[in-house]
Every structure is written in structure tokens, then in C-alpha cells.
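Q: Could you take a close look at one part of this model for me, the salt bridge and the strands around it? I'd like one connected walk-through rather than a list.

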Amino acid sequence: MAYILIDDMQIPAVKYEEKEAAKEAASDKEVVVQDNNNKFWVIDEESYAKIESFGYTIV
């Protein structure tokens, strides 16, 4: 398990290089997001609101 680190927040996440691999790994309560460096992350859907304003988008 990795973390998305933003200021003092640590969002539990799993990092993927490919979008399809991330989508296959995500469960029903998780979303796949893309960062500004074209990396894909699987996070809990409730955590998305915390990172949306930092350039992460749902794919």
C-alpha cells in the first residue's frame, strides 16, 4: 500500500502505471484517479473529495 501525500494528509492508495490495470483492481467502493504526472491511483471513493482540488481526476 502506498499513500498520496498532500500537505499533512495521507490518503491510502495503490499506484498503477496503466489505467486498465487500475480499473481491474478497483472494487465497487473505490475509484481510479489520475494525477498530473499521468500515474493512476486506486483510492476509496470517499477520499476523492479530499484530493480533487489538487489536480486528481476520476478516469
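A: **The salt bridge and its surroundings**

Glu17 and Lys39 form a salt bridge, and their closest N and O atoms sit 2.9 Å apart. That pair ties together distant parts of the chain: Glu17 belongs to the loop between E2 and helix H1 (19–25), Lys39 to the loop between E3 and E4, and the two are 22 residues apart. Keep in mind that this is a predicted model. The salt-bridge count comes to one.

How open are the two partners? Glu17 counts as exposed because its relative accessibility is 53%, over the 50% cut-off. Lys39 has a relative accessible area of 24%, so it falls in the partly exposed range between 20% and 50%.

Now for the strands on the Lys39 side. Strand E3 (residues 30–34) and strand E4 (residues 40–44) pair in the antiparallel sense, with five bridges between them. Within that pairing, Val31 stands opposite Ile43 in E4. Gln34 also lies in strand E3, and its side chain makes a polar contact of 2.8 Å with the side chain of Asn38. If you skip neighbours within four places in sequence, Gln34 touches Lys39, the salt-bridge residue, along with Phe40, Gly55, Tyr56, Thr57 and Val59.

On the Glu17 side, there's strand E2 (residues 9–16). E2 pairs with E1 in the antiparallel sense, again over five bridges, and Ile4 has Ile11 in E2 as its bridge partner. The E1–E2 hairpin has two residues between the strands, and Asp7 there takes a positive phi near 50°.

Zooming out, these strands belong to an open sheet of five, ordered E1-E2-E4-E3-E5, with antiparallel pairing. Strand E1 (2–6) and strand E5 (57–58) stand at the edges with a single partner strand each, so one side of each has no neighbour in the sheet.

One last stop is the surface. Val14 is in strand E2, and it is partly exposed because its relative accessible area is 33%. Together with Met1, Tyr3 and Leu5, Val14 forms a nonpolar surface patch with about 450 Å² of accessible area in total.

Terms used: Residues are numbered from 1 along each chain as its sequence is written. This is a predicted model: local features need pLDDT of at least 70, side-chain atom pairs count only at pLDDT 80 or more; totals for chains, interfaces and linings use all residues. Side-chain values use heavy atoms; hydrogens and water are left out. Patches are made of residues with over 30% relative accessible area and no salt bridge: like charges are joined within 9 Å, nonpolar side chains (Val, Leu, Ile, Met, Phe, Trp, Tyr) within 5 Å. Accessible areas come from the Shrake-Rupley method with a 1.4 Å probe; for residues, only the protein chains shown count as cover. A salt bridge is a side-chain nitrogen of Lys or Arg within 4 Å of a carboxyl oxygen of Asp or Glu. Helices (H or I, at least four residues) and strands (E, at least two) are DSSP runs, numbered from the N terminus. Buried means under 20% relative accessible area, exposed over 50%, partly exposed in between (1.4 Å probe, protein chains only). Two strands pair if DSSP finds at least two bridges between them. A polar contact is a pair of N or O atoms within 3.5 Å; within protein, one must be able to donate a hydrogen and the other to accept it, and residues adjacent in sequence count only if both atoms are side-chain atoms. Contact means heavy atoms within 4.5 Å.
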